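Me: I've got this one open on my screen and I'd like to zoom in on a single part of it, a pocket and whatever frames it. Could you walk me through that slowly, and then tell me what else to look at around the fold?

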Amino acid sequence: MREEHIISEASESDHSLPKPGHRLTRRACRCIGRLRLWIALTFALSSLFVGSEMAKAQTSQSAKVEALTQLGHDRHPAPEEKANEPNSESTEREARLLKRIEELERRLAEVEAKLGQRSSVATDAEIAQGMNATANVDAPPPSTERKDDEENRQVLEFFRGTTLNLLFDGYYSYNFNRPAGGVNLLHSYDVSSNSFSLNQAAIVIERAPDVERGRRFGVRLDLQFGQATETLQGNAANEMRPQVYRNLWQAYGTYVFDIGRGLTVDFGKWASSFGYETTYTKDNFNYSRSLLFAALPAYHFGMRASYPINDRASVTYYLVNGLQQSEDFNGFKSQAVLLSLKPSSRLTSQFNYYVGREGRDRAPVLNPEFASLPTQPGLSTDIVRPIPTGRYHILDTYHTIKASNRLIFAIQADYIIGRVFENSPPASLWGGAGYIRYQVNPKLAFAGRFEYISEKASPLGGLFSGITQALKEHTITAEYALTDGFLWRAEYRRDFSNQPFFLTERPGELKRSQNIVTFGLLWWIGRKEGAW
């Protein structure tokens, strides 16, 4: 009510303001009007605050009211005084009034400045308080936030160390012998002539150990489809029950023991390290596989342990069912020792030795229907007599020489000997292969391969082709990478022997050679780096 009273007094004093013709100057009139408005606004604002600022504001307003009262008194002198008042006194009174107005304006400015600071601080505090209140309402409890962050971290960590990779490998080949049935003899994967074919399609899932991140275990799974499965685990020559393992190329678990530099142990089924070439076409120089690739083991099932001797050498030990046996068919466990050397960044060497019994002591049950015993179909109790006790030995070595960033050489040598029984005549095979690859530019490359195999069969059979003969082949491959993960290869290959061996269009008629042209297309995607 006090501010309303003061505002009323200020309004009433407005009637006593001099007219433009009064002796006061126009500047004084303007100042008085402004002062009246400031007084009203100041009291309205000051009512929002308490304490010393209210007292100061009220003191200032009292001084202003007193000034207005004095101003009103001075502006309405008695008629007789006004008539007798000299001009000098009027001028002096006007100067005092202007001085007082300026003093009031200064004090009013100080009060407004202080009030503005208080208002700003209060407003900021209220806004912060409101934001905190909103955050407290909307935010989840701290325990929930920590749980969500931990789950997100685990998901990211899983995908950071896990790779999902896909491969498609298709081809068309033409055998100029036009063989009966369109069969390319001695070829491991490109087996069909004059046909659009699926070499293999693969799904590779891997979570490798990462000791630096505290993860000592890992797992890998390779699923395989296409003609390659019939060369490998889908072949009854390799497996007792091929229908069980046909699409399972690799499946193993890994653990790195904290022993010395780290002892890596795998259990399951994995691709063999014997021979320079691998099962995935994209990791080889040529599209087709060598003759030695077909003669050597492609995979094993069992346990392997690897230990790095130093930065340049490591040793690996195998304890497995045998050569390409997901299920053992003789009860004897085979062994292998592998030595890997890297004398320099441009030279790598591999030395492998394998020994085991590979003869079957039980007859397979192919294409099983109903089990004759209360067990799984295909398990055989038909024991072979006499039990084959002969041993099988493999000596394998290969070396890679990186002459430059564009030019790579590789050589391979193998010796294999095996017996059916301990005292039976041995069958043997020895041979070698040479490779060369030149990278013309990031997209274009050329590769060549030449190999020689001498096979000696025993009365009980041979180790590869089944007869005694000398086999040779040479291959020239052109490669063009359309983009990363999309590869095209064109290849010419000639296989020849010192014996009539290769099929022709006439059944029963054999030739000493076959010439084949192949076009292959490969697609692959995934985060796995290097060779698969």
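Reply: **The pocket and its surroundings**

Let's start with the lining of the second largest pocket, where helix α9 supplies the largest share, 3 residues. Keep in mind as you click around that this is a predicted model. The volume of this second largest pocket comes to about 980 Å³. Its lining has 36 residues, and those closest to the centre are A237, N238, Q324, Y392 and L463. If you go by element, α9 (291–295) and β10 are the ones that give two or more residues to that lining. As for chemistry, the lining splits into 19 nonpolar, 13 polar and 4 charged residues.

Stay with Q324 for a moment, since it is one of the residues closest to the pocket's centre. You'll find Q324 in the loop between β7 (313–320) and β8 (334–344). Is Q324 buried or exposed? Its relative accessible area is 13%, so Q324 counts as buried, the cut-off being under 20%. The backbone there deserves a click too: Q324 has a positive phi of about 55 degrees, although it is not a glycine. For background, most residues other than glycine have a negative phi.

Now to β10, the strand that also contributes to the lining. What does β10 pair with? On one side of the bookkeeping there is β9 (residues 347–357), which runs antiparallel to β10 (residues 391–402) and is joined to it by 11 bridges. If you want a marker for that pairing, N352 has D396 of β10 as its bridge partner. β10 is also joined by 11 bridges to β11 (residues 407–418), again in an antiparallel arrangement. Here the marker is K402, which stands opposite I408 in β11. β10 and β11 make a hairpin, with 4 residues between them. While you have these strands in view, a handy rule is that side chains in a regular strand alternate between the two faces of the sheet.

The loop between β9 and β10 has something to show as well, since P386 sits there. The peptide bond that joins R385 and P386 is cis, with omega at about -5 degrees. Most peptide bonds, for comparison, are trans.

Another positive phi turns up away from that loop. R178, also not a glycine, has a phi near 45 degrees, and R178 lies in the loop between β1 and β2. With a relative accessible area of 48%, R178 is partly exposed, because the exposed class needs over 50%.

The strands on either side of the R178 loop are worth tracing. β1 (residues 162–175) and β2 (residues 195–207) pair antiparallel over 12 bridges, and N165 stands opposite V204 in β2. β1 pairs with β18 too, antiparallel and over 10 bridges; there L167 stands opposite W524.

That leads us to W523, which lies in β18 (residues 513–525). W523 has a relative accessible area of 36%, so it falls in the partly exposed class. What does W523 touch, leaving aside its neighbours within four places in sequence? The contacts are L166, L167, F168, G485 and F486. G485 is 38 residues away along the chain, yet its C-alpha atom is separated from that of W523 by 5.5 Å.

One more stop is G253, in strand β4 (residues 248–257). Its relative accessibility is 29%, so G253 counts as partly exposed. Beyond its neighbours within four places in sequence, G253 is in contact with G218, V219, V265, D266 and F267. For a distance to check on screen, the C-alpha atoms of G253 and M303 are 9.9 Å apart, with these positions 50 residues apart along the chain.

Finally, zoom out. The protein has 9 helices and 18 strands. Of its 532 residues, 40% are buried. Among contacts with a separation of 6 or more, 62% are between residues 24 or more positions apart. The exposed area is about 28800 Å², and carbon and sulfur atoms supply 59% of it.

Technical notes: Residues numbered from 1 in each chain as written. Predicted model: local features only at pLDDT ≥ 70, side-chain atom pairs only at ≥ 80, totals over all residues. Heavy atoms only, no water. Pairing = 2+ DSSP bridges. 1 Å grid on protein atoms, 1.4 Å probe; cavity = no way out; pocket = protein on both sides within 12 Å on 5 of 7 lines; lining within 4 Å. Points joined across faces, edges and corners; volume = space filled by probe spheres on them. Nonpolar A, V, L, I, M, F, W, Y, C, P; charged D, E, K, R; others polar. Buried < 20%, exposed > 50% of the residue type's maximum accessible area, 1.4 Å probe, protein only. Contact = heavy atoms within 4.5 Å. Areas by Shrake-Rupley, 256 points an atom, 1.4 Å probe, with all protein chains shown as cover.
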